[in-house]
Amino acid sequence: MRLAAPAADVLAAAAAQPVLLVEGGEDWAGTDAARAASGWGHGVPADSDWARRCAELEAYAVRHGDVLCGSRPQDDPGLARWAGLQRSAAAALDAAARRQLDDTGFEWDAARAEWRGWLARLRARGLGGGQDADADAFLLTNWCSVQRIARRCGALTPEQVAELDAVGFAWDVPDPLS
């Protein structure tokens with residue numbers, strides 16, 4: 001679908017009526033329209049939504065000891081999506097928002113966050129990376145195989161090898177992928 005109005009017209013309309021930016025038309029009395037429009041552009045329609053999601057992330061950190069939301073089957077997909085949006089919008093976030101996320105231990109690098117998420121799943125299962133008969137562990141077993149292959153190819157960092165060693169990772173298990 002092609003918009004008939006230029007982006008400046010859309011931003012002007014949003015500045016005049018910020019309530020247009022949110023589902024359900026919540027009351028935005030006193031909301032700074034420019035800040036709301038900026039947040040909307042990054043998938044965060046209102047400061048209150050950002051604050052709510054950040055509070056959810058902080059609670060997640062208390063519950064799990066990390067902020068790797070999306071790495072556990074029971075995780076809120078909305079919170080995981082929000083965390084991804086924060087990574088992609090990092091340059092546009094103000095210093096206070098970045099500091100608040102930093103204080104939770106937020107991982108800004110998406111690839112590192114995903115790797116650490118798989119490591120957290122491995123820890124949660126109490127596995128050393130061996131082959132698991134549990135059908136639900138299929139993806140984790142494959143991830144472990146990829147880590148063994150990556151180590152042989154020199155693609156893992158020394159820190160990643162040390163983290164895997166710390167959980168008793170089984171480096172000498174036959175891999176279904178190799």
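Arg53 is buried in this predicted model, at 15% relative accessibility. The cut-off for burial is under 20% relative accessible area, so Arg53 falls within the buried class. Its side chain is nevertheless paired: Asp76 forms a salt bridge with Arg53, and the closest N and O atoms are 3.0 Å apart. Asp76 sits in the loop between H3 and helix H4 (77-88), whereas Arg53 belongs to helix H3, so the contact ties together parts 23 residues apart in sequence. The acidic partner, Asp76, is partly exposed, with 36% relative accessibility.

A second bridge lies within helix H3. Glu56 and Arg52 meet through their side chains at 3.0 Å, N to O. Both residues are in helix H3 (residues 47-64). They are four residues apart, about one turn of the helix. Glu56 is partly exposed at 25% relative accessibility. Arg52 is also classed as partly exposed, with a relative accessible area of 41%. These contacts are not isolated: Arg52, Arg53, Glu56 and Asp76 are linked in a network of salt bridges.

Another salt bridge joins two helices. The side chains of Arg112 and Glu163 meet at 3.0 Å, N to O. Arg112 lies in helix H6 (residues 110-125) and Glu163 in helix H8 (residues 158-166), so this pair ties together parts that are 51 residues apart in sequence. Arg112 is partly exposed, with a relative accessible area of 26%. Glu163 counts as buried, at 15% relative accessibility. Here the acidic residue is the buried partner, while in the Asp76 pair that role falls to the basic residue, Arg53. The count for the model comes to six salt bridges.

Aromatic contacts were examined next. The model contains five aromatic pairs. One of them joins Phe106 and Trp108, with 4.7 Å from centre to centre. The planes of Phe106 and Trp108 are 75 degrees apart. Planes over 60 degrees apart count as edge-to-face, so the Phe106 and Trp108 pair is edge-to-face. Phe106 is buried, with a relative accessible area of 5%. Elsewhere, Trp115, Trp118 and Trp143 form one aromatic cluster.

Charges also sit over rings. The charged end of Arg98 is placed over the ring of Trp108, 4.2 Å from its centre. Trp108 thus takes part in a contact with Arg98 as well as in the pair with Phe106. Arg151 lies over the face of Trp171, at 4.3 Å from the ring centre.

Methods
Residues numbered from 1 in each chain as written. Predicted model: local features only at pLDDT ≥ 70, side-chain atom pairs only at ≥ 80, totals over all residues. Heavy atoms only, no water. Salt bridge = Lys/Arg side-chain N within 4 Å of Asp/Glu carboxyl O. Buried < 20%, exposed > 50% of the residue type's maximum accessible area, 1.4 Å probe, protein only. Phe/Tyr/Trp six-rings, centres within 6.5 Å; stacked < 30°, edge-to-face > 60°. Lys NZ or Arg CZ within 6 Å of the ring centre and 35° of its normal.
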